[in-house]
Amino acid sequence: MRPSDRTTRLAGFSVTDLDDTRTSLRRKMTEQRRALGPQARMSAAQGLRRQLDALPMFLNAQRVAGYWASDGELPLNLVLAAAALRGQQLYLPRIEAGRHMDFAPWKLGDDVEPNRFGIPEPTNRDGLLEGRELDAVLVPLLAFDGHGHRIGYGGGFYDTHFAFLRNQKRPTRPLLIGIGYAFQQCEAIEPAEWDVRLDVVATDQALIDCNDHDGAS
Ligand SMILES: Nc1nc2c(c(=O)[nH]1)N(C=O)[C@@H](CNc1ccc(C(=O)N[C@@H](CCC(=O)O)C(=O)O)cc1)CN2
Ligand SMILES: Nc1ncnc2c1ncn2[C@@H]1O[C@H](COP(=O)(O)OP(=O)(O)OP(=O)(O)O)[C@@H](O)[C@H]1O
């Protein structure tokens with residue numbers, strides 16, 4: 001399929017309008033994620049941990065941003081606990097007014113409070129960092145493809161915050177690692193002009209190197 005088709009394809013799923021496609025994909029993936037039982041979710045968290053254990057650029061990252069899983073997202077509890085044991089410094093996103101986001105230092109067990117979307121975020125405001133000061137970012141997503149194109153909740157927080165990566169040679173610092181269940185992979189997602197590509201996607205079943213494509217920049 002040519003990018004100019006402005007079509008996102010998924011097995012048995014094809015809509016031509018970009019916005020409608022994104023909306024339908026978001027709904028489909030949200031429902032599929034919510035439907036997972038606790039056993040499947042726990043196995044996936046273990047699978048994800050095993051996959052990330054095989055990614056040296058993640059293991060060697062000093063400052064690592066995660067997320068607090070919400071609404072069926074793949075839990076990072078095992079990954080973050082292992083990272084803390086390795087001595088990596090953990091950060092969680094804090095959203096501020098508008099589309100502004102920053103990253104707050106967070107240790108396992110530190111206090112959190114719900115943001116305006118009900119997602120827990122650190123109460124601590126000391127030592128807030130911008131994304132460019134991090135080494136690796138575990139990026140939540142609803143859908144992705146093998147080129148690192150991603151669809152999130154539609155808030156534009158990550159795309160806005162990491163827009164500076166769009167004119168840089170990748171991979172660079174920070175490494176953007178998308179996190180999702182294997183079923184969240186689509187054949188092709190037409191990127192919007194503001195979309196920031198992921199470097200890698202880690203699922204419960206695989207590591208996908210998104211820079212490993214002809215023409216990837
Ligand atoms: N766990 C986690 N934390 C995260 C993100 C994420 O995707 N996952 N974010 C990633 O960006 C940021 C929060 N972004 C969000 C953006 C939109 C919605 C949301 O629920 N939107 C409503 C409609 C929004 C509106 O009223 O305008 C919706 O989808 O129903 C939630 C979080 C920062 N923290
Ligand atoms: N760099 C940017 N500057 C200004 N607006 C932006 C930028 N990046 C994204 N946006 C805006 O954010 C909105 C949401 O973008 P999009 O639907 O791609 O979000 P998303 O990738 O699903 O969400 P998120 O990045 O929060 O996970 C878009 O309407 C777009 O106008």
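Helices (H or I, at least four residues) and strands (E, at least two) are DSSP runs, numbered from the N terminus. Keep that handy, as the tour goes from element to element.

This is a predicted model, where local features need pLDDT of at least 70 and side-chain atom pairs count only at pLDDT 80 or more, while totals for chains, interfaces and linings use all residues. Residues are numbered from 1 along each chain as its sequence is written, and chains are lettered from A and ligands numbered from 1 in the order in which they are written.

**Stop 1: ligand 2**

Select ligand 2 and show what is around it. You should find a shell of 14 residues (a residue is near a molecule or strand if its C-beta atom, placed from the backbone, lies within 6 Å of it). The closest are Gly152, Gly156, Tyr158, Asp159 and Trp194. Which element gives the largest share of this shell? Helix 5 does, with four residues. Colour the shell by class and you get seven nonpolar, five polar and two charged residues. Here Ala, Val, Leu, Ile, Met, Phe, Trp, Tyr, Cys and Pro count as nonpolar, Asp, Glu, Lys and Arg as charged, and the others, Gly among them, as polar.

**Stop 2: ligand 1**

Now hop over to ligand 1, which has 17 residues around it. Phe117, Pro140, Tyr153, Gly155 and Phe157 are the closest. Strand 4 (89-95) and helix 5 (157-161) each give at least two residues to this shell. By class, twelve are nonpolar, four polar and one charged.

**Stop 3: the sheet**

Switch to cartoon view and look for an open sheet of seven strands. Going across, the order is 5-4-3-8-11-12-13, and the pairing is mixed (two strands pair if DSSP finds at least two bridges between them). At the edges sit strand 5 (101-105) and strand 13 (207-209), each pairing on one side only. From one strand to the next, the twist averages 25 degrees (axes are lines fitted to C-alpha atoms, for helices over the stretch in contact, and angles run from 0 to 180 degrees between N-to-C directions).

**Stop 4: strand 4 and its partners**

Select strand 4. Five of its seven residues are buried. A residue is buried if 20 or more other C-beta atoms lie within 10 Å of its own, exposed if 12 or fewer, and partly exposed in between, with C-beta atoms placed from the backbone.

Strand 4 pairs with strand 3 (residues 63-65) in the parallel sense over three bridges, and Ala65 stands opposite Tyr91. With strand 5, strand 4 runs antiparallel, joined by five bridges; look for Arg94 opposite Asp102. These two strands form a hairpin with five residues between them, and Gly98 in the turn has a positive phi of about 65 degrees.

Next, click on Leu92, which lies in strand 4. Is Leu92 buried or exposed? It counts as buried, because 21 C-beta neighbours lie inside 10 Å. Among the residues Leu92 touches, leaving out those up to four places away in sequence, are Ala65, Trp68, Phe103 and Pro122 (two residues are in contact if their C-beta atoms, placed from the backbone, lie within 7 Å).

**Stop 5: strand 11**

Move along the sheet to strand 11 (residues 175-179). Five of its five residues are buried, so strand 11 is largely enclosed by the rest of the structure. Leu175, Ile177 and Ile179 point one way, while Leu176 and Gly178 point the other way. Strand 8 (residues 136-140) pairs with strand 11 in the parallel sense over five bridges, and Pro140 has Ile179 as its bridge partner. Strand 12 (residues 200-202) also runs parallel to strand 11, with three bridges; there, Val200 stands opposite Ile177.

**Stop 6: the core**

Find the largest nonpolar core, which has 50 residues (a nonpolar core is a set of buried Ala, Val, Leu, Ile, Met, Phe, Trp, Tyr and Cys residues joined through C-beta atoms within 7 Å). Tyr91, Val139, Ala143 and Ile177 touch the most other members. Zoom in on Ala143: apart from neighbours within four places in sequence, Ala143 is in contact with Leu25, Met29, Ile151, Gln184, Cys186 and Ile189. In soluble globular proteins, nonpolar side chains tend to be buried together.

**Stop 7: backbone oddities**

Finish in the loops. Between helix 5 and strand 11 you can pick out Pro171 and Pro174. A cis peptide bond joins Arg170 to Pro171, with omega about -5 degrees, and the bond from Arg173 to Pro174 is cis with omega near 0 degrees. Last, select Asp71 in the loop between strand 3 and helix 4 (77-85). Its phi is near 55 degrees, a positive value in a residue other than glycine.
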